[in-house]
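Please take a moment to look over the sequence and the model below, and then follow the explanation one step at a time.

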Amino acid sequence: MTDEQRDQREQREREGREGREGRGKVGGVAVGRFTGGAITTGHGSRAEDRSERVGQGAERESGPVAVPQSVPEDGGVAVGEMAGGAVATGTDAEAVYASRELLSASPELLAAVRLLRQQLPLLARAEGDGLDRCDGQLAELEEEVVRTGRAERGRLVRLRALLTGGATTAGGLASAIAVVQAISGLLG
């Protein structure tokens with residue numbers, strides 16, 4: 001072993017000792033309510049949440065949440081309430097949140113989606129009216145609900161935004177309002 005190789009090895013060993021010693025000084029985690037997700041702190045941290053949660057919708061726990069009174073030491077995390085997600089702190093921190101939340105779809109939602117899809121062809125078409133996009137989103141939602149009985153939360157959020165954000169002329173229809181109300185009932 002050459003002097004240079006010996007010096008490099010000693011340097012790596014020193015860095016390893018310093019890293020192990022420093023891990024205890026990163027801080028703690030304080031969470032009031034934690035119903036899914038991933039949190040980590042420290043040297044080389046990595047947090048990941050790739051869960052698939054199935055629920056009835058609007059079923060978040062209720063009641064008071066014990067909110068942490070102070071933030072933990074450097075690198076620490078204080079969360080009042082966390083229902084999914086990923087948090088990582090530290091030198092090599094990385095957080096990944098790639099979960100899907102599936103909600104049991106109500107018969108009212110499916111009926112409202114079908115009615116709106118029936119009414120869309122009756123509207124006068126114009127460039128940029130958003131009707132094709134709206135119909136595509138509704139068709140995907142209908143197919144998902146018929147196939148699985150569930151709807152992905154993200155899909156519902158996007159469709160509600162499309163129908164309420166003025167991006168389509170369909171948003172003013174009573175059937176569109178019914179779809180938005182059914183979605184809002186699921187999302188809470």
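**From one residue to the core**

In this predicted model, Gln-137 has a relative accessible area of 19%, and because buried means under 20%, Gln-137 counts as buried. This residue is found in helix α3, which covers residues 131-148. If its neighbours within four places in sequence are left aside, Gln-137 is in contact with Leu-159 and Leu-162.

One of these partners, Leu-159, can be followed further: not counting residues up to four places away in sequence, Leu-159 touches Leu-138, Leu-141, Val-179 and Ile-183 as well as Gln-137. Leu-159 also appears in the largest nonpolar core, a set of 26 residues in which Leu-109, Leu-141, Leu-156, Leu-159, Leu-163 and Val-179 touch the most other members. Helices α2, α3, α4 (153-164) and α5 (174-187) each supply at least two residues of this core, and α5 gives the most, with 7 residues.

Helix α3 can also be considered together with helix α2, which spans residues 107-119. The two helices pack at an angle of about 145°, with their axes 10 Å apart, and their crossing is left-handed. On the α2 side, Leu-109, Leu-110, Val-113, Arg-114, Leu-116 and Arg-117 take part, and they meet Asp-135, Leu-138, Ala-139, Leu-141, Glu-142, Val-145 and Val-146 in α3. Sorted by character, the residues of this contact comprise 9 nonpolar and 4 charged ones, with no polar residue among them.

Definitions and conventions
Residues are numbered from 1 along each chain as its sequence is written. This is a predicted model: local features need pLDDT of at least 70, side-chain atom pairs count only at pLDDT 80 or more; totals for chains, interfaces and linings use all residues. Side-chain values use heavy atoms; hydrogens and water are left out. Helices (H or I, at least four residues) and strands (E, at least two) are DSSP runs, numbered from the N terminus. Buried means under 20% relative accessible area, exposed over 50%, partly exposed in between (1.4 Å probe, protein chains only). Contact means heavy atoms within 4.5 Å. Axes are lines fitted to C-alpha atoms, for helices over the stretch in contact, and angles run from 0 to 180 degrees between N-to-C directions. A crossing is left-handed if the near helix is turned anticlockwise from the far one by less than a right angle, and right-handed if clockwise. Ala, Val, Leu, Ile, Met, Phe, Trp, Tyr, Cys and Pro count as nonpolar, Asp, Glu, Lys and Arg as charged, and the others, Gly among them, as polar. A nonpolar core is a set of buried Ala, Val, Leu, Ile, Met, Phe, Trp, Tyr and Cys residues joined through side-chain atoms within 4.5 Å.
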